[in-house]
Amino acid sequence: MIKAWSYTEEYKELRNKILKNIDKSLKSGNIFFGNELDKFEKLFIKKNKFKYGVAVGSGTDALYLSLLALGIGVGDEVITVSNSAIPTVSAIKSSGASVKFVDVDENYLIDPKKIEKKISNKTKAIIPVHLYGQSCDMDKICLIAKKYNLKIIEDCAQAQGARYKNKFVGSFGDTGCFSFYPTKILGAYGDGGFISTSSWSLYKKLKRLRFYGIEQNDKKNRFNKKYYANNHGTNSRISELQAAILNIKLPKVNKWIDKRRYIAKTYMRHLKNTNLVLPNEKKNCKHVFHLFVVYHPKRNLIIKKLKKNKILVNINYPFPIHKMKAYKNSTNSNNKNLINTEKFSKGIFSLPLYPKLKINDVTKISNVLKTILLKT
Ligand SMILES: Cc1ncc(COP(=O)(O)O)c(C=O)c1O
């Protein structure tokens with residue numbers, strides 16, 4: 001069986017280093033907020049050329065804490081897309097704000113031409129989602145945000161290392177939100193997330209919000225302010241164990257992104273003369289291919305036949321969020337013109353892609369797929 005994703009080969013390669021670092025971190029006496037976290041935050045900021053950043057408990061928390069830090073909540077509206085992972089919208093709902101959905105373009109990314117129509121005097125922020133590993137059109141989004149005085153929270157959960165005009169995603173908005181869920185470009189062996197920002201005051205606030213609103217490293221008030229909340233916050237810590245794992249994996253990420261791009265190129269080469277709609281790397285963008293998403297109107301039939309050939313694929317995502325029971329009443333617009341969003345949800349599927357996937361398997365998947373397509 002060829003799986004859509006697997007981490008076991010990667011673990012085999014890194015096992016000794018990871019176990020050694022976990023042991024070192026457990027012996028240090030710190031479960032949270034120790035040397036591994038310090039080291040990781042510094043490394044991640046440096047790698048992505050961010051100004052500041054804090055690690056948090058998950059990508060969902062990164063989005064929620066960004067909204068909280070920016071003062072967005074009840075009575076406000078936030079613009080985003082409906083073809084994303086559920087957490088993009090669950091974070092907005094948790095903040096108390098309402099969602100306004102904008103349709104996506106042919107690259108599955110928010111269509112900047114359609115944003116202005118959805119802005120009202122309640123709109124406070126845009127969450128562009130760099131879906132599947134490719135950046136949204138940040139020049140246009142930044143211009144709109146400036147014109148209407150809106151905050152930008154970039155959802156970079158699937159796009160760590162992706163670039164727009166040579167700048168890393170996560171450096172355009174007020175904050176950039178990352179996920180270290182195991183399947184992601186940089187995955188922990190558990191949950192984790194990160195918030196980047198270029199604002200010192202936002203950075204300081206985010207540090208409090210992830211720790212019950214308490215000022216950390218407050219040397220002056222070390223004792224009398226230890227259990228004192230300056231802000232209403234929450235608990236969103238990442239453990240030293242996960243940071244110890246991430247510190248071993250982070251130096252490998254560039255190599256892994258290169259491999260993802262090589263696999264994507266190989267799929268493209270094999271599948272270019274078929275009637276599948278293939279992903280497209282936009283000019284001025286570096287796609288990191290978190291997912292290799294293709295489109296075909298007869299998706300369900302194709303997936304069934306692939307499974308018979310022992311090839312498993314995913315659908316990211318089969319249900320637009322505005323159609324889900326949990327969220328259909330959370331939006332402040334009628335959602336009648338999410339035409340591409342609805343069309344794509346019925347035909348997209350994601351071919352297996354992870355750095356340790358063998359090129360022989362990529363060729364095999366492509367050949368099986370080509371045969372299926374000829375008969376479909
Ligand atoms: C686009 C997007 N946003 C947010 C998240 C949330 O990240 P996490 O699973 O770490 O909470 C994910 C990951 O599932 C995602 O794919």
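1. Val81 sits in the loop that joins strand S2 (77-80) to helix H4 (86-95). The model is predicted, and what follows should be read in that light. Although a loop residue, Val81 is buried, at 2% relative accessibility.

2. What does Val81 touch, leaving aside its neighbours within four places in sequence? Its contacts are Val89, Phe101, Val102, Val104, Ile110 and Val129. Leu37 lies elsewhere: 44 residues separate Leu37 from Val81 in sequence, and the C-alpha to C-alpha distance is 32 Å.

3. Now the sheet. Seven strands make up an open sheet, and their pairing is mixed. Read across, the order is S1-S9-S8-S5-S4-S2-S3. Strand S2, which precedes the Val81 loop, stands between S4 and S3 in this order.

4. Which strands stand at the edges? They are strand S1 (52-56) and strand S3 (98-101). Each has a single partner strand, so one side of each has no neighbour in the sheet. From one strand to the next, the twist averages 25 degrees.

5. One pairing can be given in detail. Strand S8 (residues 175-179) and strand S9 (residues 193-197) run antiparallel and are joined over four bridges. Within this pair, Gly176 stands opposite Ser196 in S9. In general, strands of a sheet pair through backbone hydrogen bonds, in either a parallel or an antiparallel sense.

6. Two helices deserve a look against the sheet. Helix H3 (residues 59-69) packs on it and touches S1, S2, strand S5 (151-155), S8 and S9. The direction of H3 makes about 160 degrees with that of S8. Helix H5 (residues 138-148) lies across strand S4 (123-126) and S5. The angle between H5 and S5 is about 150 degrees. Strand S5 is thus named in both cases: H3 touches S5, and H5 lies across S5.

7. How many disulfides does the structure hold? Zero. Cys136 is in none, and its nearest cysteine sulfur, that of Cys285, is 9.0 Å away. Seen from Cys285, the nearest cysteine sulfur is that of Cys136, again at 9.0 Å. The cut-off for a disulfide is a pair of cysteine sulfur atoms within 2.5 Å, so a pair at 9.0 Å does not count.

8. Are these two cysteines buried or exposed? Cys136 is buried, with a relative accessible area of 0%. Cys285 also counts as buried, at 11% relative accessibility. The cut-off for buried is under 20% relative accessible area.

Key. Residues are numbered from 1 along each chain as its sequence is written. This is a predicted model: local features need pLDDT of at least 70, side-chain atom pairs count only at pLDDT 80 or more; totals for chains, interfaces and linings use all residues. Side-chain values use heavy atoms; hydrogens and water are left out. Buried means under 20% relative accessible area, exposed over 50%, partly exposed in between (1.4 Å probe, protein chains only). Contact means heavy atoms within 4.5 Å. Two strands pair if DSSP finds at least two bridges between them. Axes are lines fitted to C-alpha atoms, for helices over the stretch in contact, and angles run from 0 to 180 degrees between N-to-C directions.
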